[in-house]
Amino acid sequence: MSPAHDPGRSAGAPARPLATALAAGTVLLDGGLSNQLEAQGCDLSDALWSARLLADGPEQIEAAHAAYVRAGAQVLITASYQASFEGFRQRGIGRAEAAGLFARSVELARRAAGAVDRDVWVAASVGPYGAVTADGAEYRGRYGLTVRELERFHRPRIEALAAAGPDVLALETVPDTDEAQALLRVAGECGLPVWLSYTVTGDRTRAGQRLEEAFALVGGEEQVVAAGVNCCDPADVDGAVRAAAETAGKPVVVYPNSGERWDAKGRRWTGGATFDTRRVRAWQDAGARLVGGCCRVGPATIAELAALLDEGGATPKPGER
């Protein structure tokens, strides 16, 4: 299928593919969307999490994206991580309206990207099945579903997002290789470039597979422009970057959490932040080309990363292509 024309693409559409930019140097991702929305006063206690605001507060999502653009982000990840047709249906939202909300997630990011005169790519977030159950299952994997069942779940979501015309699909926070296989197969039907990022603990996926096995899945996948990790402890990043670079043979994507711990039962973050922006140099040396932050990493930290990357000549200044 070919993505439908997105009316927002004319404003802020990047001048070159993301893969071309990654071949030229390091590209800066945004940070956590949910923490920025909370900082703006949004209530995310609903099971749909930030996806609820696609219907109830789209202006808040656009404002959050804009905060990251101002911080220097070159890639905006859409508010579709926890969105699903099933989840929307439980809120009384029909299929046609839900498809419109998936499209809106891309349009909001595109509008924020269009506010600056530089390349800003829009990555449509495709979160794991466990994110939609809203019970922390994305940190465990192994849902008891077959690869084919996972394909059936993800296909409508990916089709709806691809139709909105993002620049890339972010297959993110993937806890195990079964789901990675399902996502790659379905994404391969849409013709868009993708990145694949696992959530990990130590040298294994959350489901316990070795990272070498996990990254081997993307070695021959031409549509995969980057592979790596996200939504993990910063302490686990260095080894994961090396494993991705050596096994996948792709530019590495890395965007860890702040280092605080998520208490799924209490639905709150605990502990202190350990994200050290100075580690970006080591990540680059190991093969990282798409870097940023995930949960609890906000615009201030992304601005620090932008400054560090700019010192090394890795990111364009405003107005440059």
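## Strand β3 and its partners

Strand β2 (residues 75-77) runs parallel to β3, and 3 bridges join the two. Across this pairing, Leu 76 faces Val 122 of β3. The model is a predicted one. β3 also pairs in the parallel sense with strand β4 (residues 168-174), here over 4 bridges. Within that pairing, Val 126 has Leu 171 of β4 as its bridge partner.

β3 itself spans residues 121-126, and 6 of its 6 residues are buried. Cover is found on both faces of the strand. One side carries Trp 121, Ala 123 and Ser 125, and the other carries Val 122, Ala 124 and Val 126, all of them buried. Two of these residues have already appeared in the bridges: Val 122 stands opposite Leu 76, and Val 126 is the partner of Leu 171.

## The sheet as a whole

β2, β3 and β4 belong to an open sheet of 8 strands with parallel pairing. Its order is β1-β12-β9-β8-β5-β4-β3-β2. The edges are taken by β1 (27-28) and β2, each of which has a single partner strand, so one side of each is left without a neighbour in the sheet.

At the β1 end, the partner is strand β12 (residues 288-291), joined to β1 in the parallel sense over 2 bridges. Leu 28 has Val 291 of β12 as its bridge partner. β12 pairs in addition with strand β9 (residues 252-255), again in the parallel sense, over 3 bridges. In this case Val 253 is matched with Leu 290 of β12.

## Two residues with positive phi

Most residues other than glycine have a negative phi. Which value does phi take at Thr 173? Thr 173 is not a glycine, yet its phi is positive, at about 55°. Thr 173 lies in strand β4, the strand that pairs with β3. Its relative accessibility is 2%; buried means under 20%, so Thr 173 counts as buried.

Cys 231 is another residue other than glycine with a positive phi, in this case near 50°. Where is Cys 231 found? Its place is the loop between β8 (224-230) and α11 (237-248). β8 is one of the strands of the open sheet, placed between β9 and β5 in its order. Cys 231 has a relative accessibility of 2% and therefore counts as buried.

## Overall fold and dimensions

The secondary structure of the protein comprises 13 helices and 12 strands. For its 321 residues the globule rule gives 20 Å, and the radius of gyration, 18 Å, is close to that, so the protein is as compact as a globular protein of that length. Taken along the principal axes, the box filled by the C-alpha atoms is roughly 50 × 40 × 40 Å.

Among contacts with a separation of 6 or more, 78% are between residues 24 or more positions apart. Of the 321 residues, 57% count as buried.

## Surface and charge

The exposed area of the protein is about 12400 Å², and carbon and sulfur atoms supply 47% of it. The protein has 34 positive and 41 negative charges. How far apart are the mean positions of these positive and negative charges? The two mean positions are 1 Å apart.

Note on methods:
Residues are numbered from 1 along each chain as its sequence is written. This is a predicted model: local features need pLDDT of at least 70, side-chain atom pairs count only at pLDDT 80 or more; totals for chains, interfaces and linings use all residues. Side-chain values use heavy atoms; hydrogens and water are left out. The radius of gyration is taken over C-alpha atoms; the globule rule is 2.2 Å times the number of residues to the power 0.38. Buried means under 20% relative accessible area, exposed over 50%, partly exposed in between (1.4 Å probe, protein chains only). Contact means heavy atoms within 4.5 Å. Accessible areas come from the Shrake-Rupley method with a 1.4 Å probe; for residues, only the protein chains shown count as cover. Lys and Arg count as positive and Asp and Glu as negative; His and the chain ends are not counted. The place of a charge is taken as NZ of Lys, CZ of Arg, CG of Asp or CD of Glu. Two strands pair if DSSP finds at least two bridges between them.
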